[in-house]
Amino acid sequence: MLNKLIVTIITFLAVAHLCVAQSVMPKTVITSVNGKPMVPAVLHTNSNDSLTISFDLLEPDLRYVRASLTPLTLDNKPSQMAEIEFLPSFNRAEVTDIENSQSTVTTYTHYKFILSGENLLPTHSGNYRLDFVDDDQPSDTILSIPFCVAESNASFSTALTSATDLSFNQGQRQLSLQCNIDKSIVNLNSNDISLAVFIDGQPVASGIHPTRLDGNRAIFEHQPALIFNNGNIWRRFDITDSYYPGHGILLIQQTPDGNHRFLTEKDVPRVDTQYQTDGTLYGGYIIDSHIGVPETNADYCDVVFTLDIPFMPTTPVAIRSDFTRYMPGGVLPMSFDSISNKYKAFTNLKQGVYNYQYLVGNPLKPDSIEGNFNETPHRYDLLLYYTSPTIRYPRIIGYHSFIYNGN
């Protein structure tokens, strides 16, 4: 009984801490390139591409927010380059597109910033980070957004197969590709070429050198780093409507303050179930409220997740989604509720449709809860890097994105 009481108290304190922490952190962070939501966000050199970043702060007062740019190394650490090397003007821009929420129970302020040719756009390819700070508290960063600028000096030919070097039709996919590099890039060396892979916006591999070079053609094949578990379709829930339970929602409760609390359906492991097709947002979400403008008219609601698995005192359990990307550690931790004997997590989300999945273990992985299936569709993003002793930054000489539909 005492142990159950202790676990219950810890769960309560964790939820309370989460509520406090999330009331001041940026919410509903959306990055889009040319109006299309994109993670990772990739712009192209010598183009009219623009990157739009929007986010909410759950507070009524408007802040004077400014943005600045930081170039990053190949391993995403701040570069030592001077500002004049990557920017044609001052490294500062004001966020002027600011609106308060309208007719919502939760009061928030919506911020939007567009990075384009007229506003902090870097002059060359590479990894970057856009930092947003309050002018009154410049030492505290509100939000940091990583993005990339890519050249078009490489073309890609890709192949995926379930007949991997490790298994056959066992829920794994092996990626192989050939990259034809422009002949303007001379004296190629395998150590100077590397590949980074994202699946559904999640970084899954980086620093992969070619298996071999054939002139200006980089060939990546039969590498363990290019074998990935295929996972399961993302779970989905719909909190668009505040009064009628949407997909994946068991019950809606109205709290005394007029807010709405959505209880998701009781989730169970899917390892031993058959694969079931469902619509996917590739881990993302869409904000929608059916009323007014979603950016400022959609309300924030409490969402309670429940996962029915046995208590594991030394094993972390968490939730991953695009909405957890900017939380500490990139996940929403779960706590065991000794009353219901289930894992629970609580967060506050804007009205819309969301994807999510469960992670278990150390390190956290979805395999033991979600399973792996050959049919699962994914979005792949590939970045080809070129480094050389003669340049001070990692060039991204090619970018390729494609959808794998499960066949």
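**Entry 1: pockets**

I take a pocket to be an open set of grid points with protein on both sides within 12 Å along at least five of seven lines. The model I examined is predicted. I looked up the largest pocket first and found a volume of about 1300 Å³. Its lining has 49 residues, and Phe198, Gly201, Gln202, Pro203 and Val204 are the closest to its centre. The elements that give two or more residues to this lining include β9 (126-134), β10 (137-150), β13 (193-199) and β14 (202-208). I noted that β14 contributes the most, with 6 residues. By residue class, the lining of the largest pocket splits into 25 nonpolar, 18 polar and 6 charged.

I then turned to the second largest pocket, for which I recorded a volume of about 910 Å³. It is lined by 39 residues, with Ile30, Thr31, Lys36, Pro37 and Met38 nearest its centre. Strand β1 gives the most to this lining, namely 5 residues. I recorded the classes here as 16 nonpolar, 12 polar and 11 charged.

**Entry 2: the cavity**

I searched the whole structure for enclosed space and found 1 cavity of 30 Å³ or more. The largest cavity holds about 150 Å³. Among its 15 lining residues, Pro26, Lys27, Thr28, Val29 and Phe323 are the closest to the centre. Two elements, β1 (27-33) and β26 (342-350), each supply at least two residues of the lining. Strand β1 gives the most to the lining of this cavity, with 3 residues. I counted 10 nonpolar, 2 polar and 3 charged residues around the cavity.

**Entry 3: aromatic rings**

I listed 18 aromatic pairs in the structure. Phe323, which I had met at the cavity, forms a stacked pair with Phe305, at 6.2 Å centre to centre and 15 degrees between the planes. Phe305 lies in strand β22 (residues 300-307) and Phe323 in the loop between β23 (317-320) and β24 (332-333), so the pair ties together parts that are 18 residues apart in sequence. Both Phe305 and Phe323 are buried. I also looked up Tyr356 and Tyr358, which form an edge-to-face pair with 5.7 Å between centres and 85 degrees between the planes. Tyr356 and Tyr358 are likewise buried. I found these four residues in one aromatic cluster, which also contains Phe237, Tyr285 and Tyr354.

**Entry 4: cysteines**

How many disulfides are there? I found 0 disulfides, the criterion being a pair of cysteine sulfur atoms within 2.5 Å. For Cys148, the closest cysteine sulfur is that of Cys179, and the 15 Å between them is too far for a bond. Cys179 is in no disulfide, its nearest cysteine sulfur being that of Cys148. I recorded Cys148 as buried because its relative accessibility is 8%. Cys179 is also buried, at a relative accessible area of 0%.

**Entry 5: Asn259**

I located Asn259 in the loop between β19 (249-254) and β20 (260-264). Is Asn259 buried or exposed? I classed Asn259 as buried, because its relative accessibility is 7% and the cut-off for buried is under 20%. Leaving aside residues up to four places away in sequence, I found Asn259 touching Val105, Thr106, Gln253, Gln254, Tyr300, Cys301, Asp302 and Asn348.

Methods
Residues are numbered from 1 along each chain as its sequence is written. This is a predicted model: local features need pLDDT of at least 70, side-chain atom pairs count only at pLDDT 80 or more; totals for chains, interfaces and linings use all residues. Side-chain values use heavy atoms; hydrogens and water are left out. Buried means under 20% relative accessible area, exposed over 50%, partly exposed in between (1.4 Å probe, protein chains only). On a 1 Å grid over the protein atoms alone, a cavity is a set of points where a 1.4 Å probe fits but cannot get out, and a pocket is an open set with protein on both sides within 12 Å along at least five of seven lines; lining residues have an atom within 4 Å of a point. Grid points are joined across faces, edges and corners, and a volume is the space filled by probe spheres set on the points. Helices (H or I, at least four residues) and strands (E, at least two) are DSSP runs, numbered from the N terminus. Ala, Val, Leu, Ile, Met, Phe, Trp, Tyr, Cys and Pro count as nonpolar, Asp, Glu, Lys and Arg as charged, and the others, Gly among them, as polar. Contact means heavy atoms within 4.5 Å. Rings of Phe, Tyr and Trp (its six-membered ring) pair if their centres lie within 6.5 Å; planes under 30 degrees apart count as stacked, over 60 as edge-to-face and the rest as tilted.
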